[in-house]
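Have a look at the chain below. Then work through the questions one by one, keeping the picture in view.

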Amino acid sequence: KQGVPANTIILILLLPFLATIVVFFRYIIGLTGLGLLVPIALSITLLSTGLLAGFILLTTILLASYLARLILKRIRIMQLPKLALSMWLVAISIVCVLTFAAAGGILSVRDISIFPILLLVLLSDSVVSLFLERTMKEVVQVTLITLLLGIIGFSLLSWEALRVFIILYPELILLCVPVNIIMGRYFGLRM
């Protein structure tokens with residue numbers, strides 16, 4: 001009644017479910033992604049931009065991050081300046097890809113909000129840190145798991161029946177509390 005869009009309320013209410021799914025994949029199944037924030041932010045970004053634009057942007061970020069890794073591994077400077085330089089390379093790459101995609105008619109850049117793009121650029125910090133600290137096999141594995149979690153999150157966020165259900169019964173997010181406590185106490189084997 002006070003003007004908060006229903007879509008915003010639905011997304012906020014679904015965030016605990018997305019976080020619980022990421023925790024489930026980590027502690028029960030045993031698949032590690034890029035933390036908790038990156039898959040959730042990727043889900044929201046894919047929802048905001050659409051799958052094609054989201055994957056074009058994500059591919060650009062991954063390729064630019066990998067290129068930054070190759071270049072910056074040879075330069076002997078501290079970690080934060082490396083991350084700042086890699087973010088610079090990612091930002092320049094995104095501008096170039098968006099320009100070529102718009103010129104080629106692949107994407108309608110006017111339909112893409114700046115906030116998901118900025119979010120992806122800021123998340124590139126996590127990707128570059130991963131590239132700098134781990135082996136390529138680990139990077140590919142973690143990246144694929146993060147993509148899988150992002151796609152699962154996107155599917156849940158865009159699932160109309162779930163959106164209607166959560167707006168009608170918002171108290172269901174309380175179920176995330178005992179589920180996370182149970183998963184947090186689980187010390188058994190991972191699937």
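Q: Which helix holds C96?
A: This is a predicted model, so the answer is read from predicted coordinates. C96 lies within a helix of residues 79–103. That helix is α4.

Q: Is C96 buried, partly exposed or exposed?
A: The relative accessibility of C96 is 36%. Buried needs under 20%, and exposed needs over 50%. C96 therefore counts as partly exposed.

Q: How far apart in space are the C-alpha atoms of C96 and L14?
A: Along the chain, C96 and L14 are 82 residues apart. In space, their C-alpha atoms are separated by 34 Å.

Q: What length does α4 reach from its first C-alpha to its last?
A: Helix α4 has 25 residues. At 1.5 Å a residue, the expected length is 36 Å. The model comes close to that, and α4 reaches 36 Å.

Q: Which residues of α4 are buried?
A: Residues three or four places apart in an α-helix point the same way, because there are 3.6 residues a turn. Now look at the buried list of α4, with the limit at under 20% relative accessible area. The buried residues are K82, L83, S86, L89, V90, S93, I94, L98 and A101.

Q: Which residue with a positive phi follows α4?
A: Look just past the end of α4. The residue there has a phi near 75°. It is G105.

Q: How many helices and how many strands are in the protein?
A: Follow the elements from the N terminus on: they run α-α-α-α-α-α-α-α. The count is eight helices and zero strands.

Q: What percentage of the residues of the protein count as buried?
A: The C-alpha trace spans about 50 × 45 × 25 Å along its principal axes. The protein has 191 residues. Of these, the share that counts as buried is 38%.

Q: Are α1 and α2 parallel or oblique to each other?
A: Helix α1 covers residues 6–29, and helix α2 covers residues 37–49. Their axes are 9 Å apart and the angle is about 135°. The crossing is right-handed. At that angle, α1 and α2 are therefore oblique.

Q: Is the crossing of α2 and α3 left-handed or right-handed?
A: Helix α3 spans residues 51–72, and its axis comes within 6 Å of the axis of α2. The two cross at roughly 130°, so α2 is oblique to α3. Their crossing is right-handed.

Q: Are α1 and α8 roughly parallel or oblique to each other?
A: Helix α8 takes in residues 176–184. Its axis is 10 Å from the axis of α1, at an angle of about 15°. α1 passes α8 in a left-handed crossing. Angles under 35 degrees count as parallel in this scheme, so α1 and α8 are roughly parallel.

Q: Is L42 buried or exposed?
A: L42 is found in helix α2. From L42 to L58 is 16 residues in sequence, and 8.7 Å in space from C-alpha to C-alpha. The relative accessibility of L42 is 4%, so L42 counts as buried.

Q: What distance separates the C-alpha atoms of T146 and I40?
A: T146 has its place in helix α6, residues 136–158. At 4% relative accessibility, T146 counts as buried. Along the chain, T146 and I40 are 106 residues apart. Their C-alpha atoms are separated by 9.3 Å.

Q: Is the pair of F24 and F25 edge-to-face or stacked?
A: The structure holds two aromatic pairs. In the pair of F24 and F25, the ring centres are 6.3 Å apart and the planes are at 85°, so the pair is edge-to-face.

Q: Which of F24 and F25 counts as buried?
A: F24 has 33% relative accessibility and counts as partly exposed. F25 has 12%. The limit for buried is under 20%. The buried one is F25.

Q: Over the ring of which residue does the charged end of R26 sit?
A: Start at the charged end of R26 and look for a ring. The ring centre is 5.7 Å away. The ring belongs to Y27.

Technical notes. Residues are numbered from 1 along each chain as its sequence is written. This is a predicted model: local features need pLDDT of at least 70, side-chain atom pairs count only at pLDDT 80 or more; totals for chains, interfaces and linings use all residues. Side-chain values use heavy atoms; hydrogens and water are left out. Helices (H or I, at least four residues) and strands (E, at least two) are DSSP runs, numbered from the N terminus. The expected span of a helix is 1.5 Å times one less than its number of residues. Buried means under 20% relative accessible area, exposed over 50%, partly exposed in between (1.4 Å probe, protein chains only). Rings of Phe, Tyr and Trp (its six-membered ring) pair if their centres lie within 6.5 Å; planes under 30 degrees apart count as stacked, over 60 as edge-to-face and the rest as tilted. A charge sits over a ring if NZ of Lys or CZ of Arg is within 6 Å of the ring centre and within 35 degrees of the ring normal. Axes are lines fitted to C-alpha atoms, for helices over the stretch in contact, and angles run from 0 to 180 degrees between N-to-C directions. Angles under 35 degrees count as roughly parallel, over 145 as roughly antiparallel, 65 to 115 as roughly perpendicular and the rest as oblique. A crossing is left-handed if the near helix is turned anticlockwise from the far one by less than a right angle, and right-handed if clockwise.
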